[in-house]
Amino acid sequence: DYATRAKETLEQRSPLLAIDKLDRKTPVLILQGSADTRVPAKDSLAMAGRLQDLGMTYKLIIYPNGDHGLSTFREDVHKQLSMWFRTYLSGEQPPR
């Protein structure tokens with residue numbers, strides 16, 4: 001029912017509004033395109049600021065001129081995701 005409840009639906013899906021529900025030990029990786037027309041980079045900066053205030057582990061990467069799907073940065077996105085998961089899910093150390 002997005003057509004009649006767009007604002008409420010977007011608020012329910014907003015990572016920024018859900019930060020307080022996260023376990024403080026949950027590491028967060030934020031990958032953002034500076035040219036994203038769906039999610040402004042300022043939202044990712046605000047999220048990183050909130051995570052910083054809470055003392056949570058996070059990493060923010062803003063890709064210059066990147067779109068919402070980070071389509072021209074796929075190789076680096078996969079590298080970043082792989083390193084993040086190795087570091088925080090498997091306990092392995094990421095390659096240097």
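Which residues does D67 touch, not counting residues up to four places away in sequence? Select D67 together with G33, A35 and D36: these three are its contacts beyond that range, a contact being heavy atoms within 4.5 Å.

Before going further, note that this is a predicted model, where local features need pLDDT of at least 70, side-chain atom pairs count only at pLDDT 80 or more, and totals for chains, interfaces and linings use all residues. Residues are numbered from 1 along each chain as its sequence is written, and side-chain values use heavy atoms, with hydrogens and water left out.

**Whole chain**

Colour by pLDDT, the predictor's confidence in each residue from 0 to 100. The protein averages 90, and 94% of the residues score at least 70. Confidence is lowest in α1, at a mean of 80, and highest in β2, at 98. Where pLDDT is low, the predicted coordinates should not be read in detail.

Switch to cartoon. The protein has 4 helices and 2 strands, in the order α-α-β-α-β-α from the N terminus. Helices (H or I, at least four residues) and strands (E, at least two) are DSSP runs, numbered from the N terminus. The C-alpha trace spans about 50 × 30 × 25 Å along its principal axes.

**D67**

Return to D67, in the loop between β2 (58–63) and α4 (74–90). D67 counts as partly exposed because its relative accessible area is 31%; buried means under 20%, exposed over 50%, and partly exposed in between (1.4 Å probe, protein chains only).

Now show the side chain of D67 and add L70 and S71. A polar atom of that side chain lies 2.7 Å from the backbone nitrogen of L70. The side chain of S71 makes a polar contact with the side chain of D67, also at 2.7 Å. A polar contact is a pair of N or O atoms within 3.5 Å; within protein, one must be able to donate a hydrogen and the other to accept it, and residues adjacent in sequence count only if both atoms are side-chain atoms.

Add Q32, which is 35 residues from D67 along the chain; their C-alpha atoms are separated by 8.1 Å.

**Buried residues and long-range contacts**

Colour by accessibility: of the 96 residues of the protein, 24% count as buried. For a contact map, residues 24 or more positions apart account for 61% of the contacts with a separation of 6 or more.
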